[in-house]
Amino acid sequence: MESRRGAPQFRLRFGLIVIAVVLSFFGARLVQLQGIDPKSYAAMAAAESVEEVTLPAERGDILDRNGLPLADSIHGKMIVADPFMTADDAPALATLLSERLDIDYFKTLTRLREGDSRFEYIARRVPSTRATDLISELGEAGYQGISLRDDPIRDYPADDVAANLLGFMGTDEAWAGFERTFDRQLSGTDGTARFQTGGGNRIPLGENTLVPAKNGTPLTTTIDLDLQWYTQRVLTQTLRQYRAASGVAIVMDSRTGEVMALADAPTFDANNPLDADEDDLGSRAVNEPYEPGSVEKVLTVASLIDAGKVTPRTKLRIPSSLARQDRVIGDWFDHGNIRLTLAGVIAQSSNIGTVLAADAFTPVELVGYLQKFGLGQRTGIGMRGETPGILTPGDVMTSQTKDRVAFGQSVSVNAVQMAAAVNTIANGGVHISPSIIKGSATTDDGTVVGTDVATESRVVSEKAAKQTAHMMERVVDPDVGVAPRAQVPGYLVAGKTGTAQRVDPECGCYDDSTSVSFGGFAPADDPRFTVYVVIHDPQGDAGGGSVGGPAFSKIMGYALSRYGVPPTGGKPSRLPTEW
């Protein structure tokens, strides 16, 4: 009987012990959660059920002077995965996604299986139509866990137009041009959305925090889209015709210094930059130094006139060659002893005549003027990688170097710098720092650039500038000048040719190639536009007048017509060129 009574008591005691153990376990766990480290455990629980999504900011547009988009953002989508829902079908999904989106299969597979995540990027900047078609295909195939988020795509509506200025974008960063230089202004600030999820679904009354994206600020340039397009086409045609290596063409507003077109060739399609050669992705107009050749002569003679050393009618005896210390200076054309006025020296582009006239200057005096024209220093236009060129300081310049600098050799420039120097003559002797940004903007190095901060400084007197312009009119005169093909029907044109030897960067010596150019303005008696064209390494019998002149004429004619500039009716210069 006692054994029978003892069995129930044993079971009761055993049950009480089990209950005590279980209660002790829960009690310990409760103490751990509420007493020892409650915050860390709460955070872990919340983290497992909170999803954070980036809300991409829309990048600011880059606009031409008339508000037309050179670069803008179009609707795009990011494709994202919830690995909790995609892991089981990951191999098949990765195959389909990699084929449709041209993305890496193995990276995609890893993201689809990510064990500790409910949100993984699969692809960025996917065109909306392509993305929605993909989601439809996945749905029809029965796959779940792939969704879309807004993700604006950078677009360049005119493809290659102004591409060397605009630069281009990577997936998440600016790689070149204005996109990179003004990235802080253009990029804006991404926003975020945080919300609680449960079982793969959003909890309606759970945590919900939204920080809206702040879109980027537009950047307005001084570029005229249509003029830029035309200038690029003329430049490209010229390169093809003369099988040249590269070239630059610039159109400036003579009165304001605003760059209305800046063409580089070869160029690239900003929507497909990786298809281009790396050398073609920058802007040679500011990055590539070269010797300007005889266009520089107008700076020399304007300076001499301003200093009271010469006049357009100064008489010079020009020998067939000129022996100077370390070398013999010659002209581009064969001649015996001839007699030219200073106007004739410019019209015929005589190196010898320019050197003889420049004998009135010391090296310090010549360099002082050229520096005021902007040579030897960056323009500060706001473009990356600008070269200041090379101008030997006057106090260490030899007389031999001075001779060569006077006609545009042994000195290097960038094309924007040279265009601004020629424009100084067009603007009555006042140099205006060139601008390519309307208003003002801050570059990535903190420099403020644009029309609002453009500077002006007088280089030569208005009289000296006008007399130089009159001499430049004779350059396009078919009877006495070397560039009649630079004329623009119905308008007075003032200009100057240039042909310079090119330096081989490997040996630091002149090779057999040349850079040919033409710079000028119109109407010559009331300048509205300044155009500068330079063609590097043209093939065949090519000079500044025969190659640069026709390109100048086409570009200038288009600019004058587009802006409705009427002919002035002025009479062309009749300055004597011989005596």
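These are my notebook entries on two sheets, a pair of helices and two loop residues in a predicted model.

**Entry 1: the sheet of three strands**

I began with the sheet that has the strand order 5-4-6. I noted that this sheet is open and that its pairing is antiparallel. I then asked which strands lie at its edges. They are strand 5 and strand 6, the latter covering 146-150, and each of them pairs on one side only. I looked up the turn between neighbouring strands as well, and it averages 25° with direction ignored.

I next took strand 4, residues 76-81, and followed its pairing with strand 6. The two run antiparallel and are joined by 5 bridges. At the level of residues, I found K77 opposite D150 of strand 6.

I also checked what packs on this sheet. Helix 4, residues 90-101, does so and touches strand 4, strand 5 and strand 6. I recorded an angle of about 25° between the direction of helix 4 and that of strand 5. Helix 6, residues 128-140, packs on the sheet too, touching strand 4, strand 5 and strand 6. For helix 6 the angle with the direction of strand 5 is about 130°.

**Entry 2: S117, ahead of strand 5**

I looked for S117 and found it in the loop that runs from helix 5 (105-112) to strand 5 (120-127). Is S117 buried or exposed? Its relative accessible area is 12%, and the limit for buried is under 20%, so S117 counts as buried.

I then listed the polar partners of its side chain. A polar atom of the S117 side chain lies 2.8 Å from the backbone oxygen of F119. The side chain of S117 also has a polar contact of 2.9 Å with the side chain of E120. Setting aside residues up to four places away in sequence, I found S117 touching D82, P83 and F84.

**Entry 3: the sheet of four strands**

I moved to a second open sheet, whose 4 strands come in the order 7-3-2-11. Its pairing is mixed. The edges are strand 7 (153-155) and strand 11 (219-220), each pairing on one side only.

I followed strand 3, residues 69-74, to strand 7: they run antiparallel, with 3 bridges between them. I74 has I153 of strand 7 as its bridge partner.

**Entry 4: D151, between strand 6 and strand 7**

I placed D151 in the loop that links strand 6 to strand 7. Its relative accessibility is 0%, so D151 counts as buried.

Which residues does D151 contact, leaving aside neighbours within four places in sequence? I wrote down P56, G76, K77, M78, R124 and R125. With R125 there is a polar contact between side chains, at 2.5 Å. I also looked up the distance from D151 to I74: the C-alpha atoms are 9.1 Å apart, while the two residues are 77 residues apart in sequence.

**Entry 5: helix 10 and helix 19**

Last, I looked at helix 10 (residues 225-242) and helix 19 (residues 544-562). Their axes come within 10 Å and cross at roughly 165°. Angles over 145 degrees count as roughly antiparallel, so helix 10 is roughly antiparallel to helix 19. I noted the crossing as right-handed.

I also looked up where the two helices meet. On helix 10 the residues include D226, L227, Y230 and T231. Among those on helix 19 are S546, V547, A551 and K554.

Note on methods: Residues are numbered from 1 along each chain as its sequence is written. This is a predicted model: local features need pLDDT of at least 70, side-chain atom pairs count only at pLDDT 80 or more; totals for chains, interfaces and linings use all residues. Side-chain values use heavy atoms; hydrogens and water are left out. Buried means under 20% relative accessible area, exposed over 50%, partly exposed in between (1.4 Å probe, protein chains only). A polar contact is a pair of N or O atoms within 3.5 Å; within protein, one must be able to donate a hydrogen and the other to accept it, and residues adjacent in sequence count only if both atoms are side-chain atoms. Contact means heavy atoms within 4.5 Å. Two strands pair if DSSP finds at least two bridges between them. Axes are lines fitted to C-alpha atoms, for helices over the stretch in contact, and angles run from 0 to 180 degrees between N-to-C directions. Angles under 35 degrees count as roughly parallel, over 145 as roughly antiparallel, 65 to 115 as roughly perpendicular and the rest as oblique. A crossing is left-handed if the near helix is turned anticlockwise from the far one by less than a right angle, and right-handed if clockwise.
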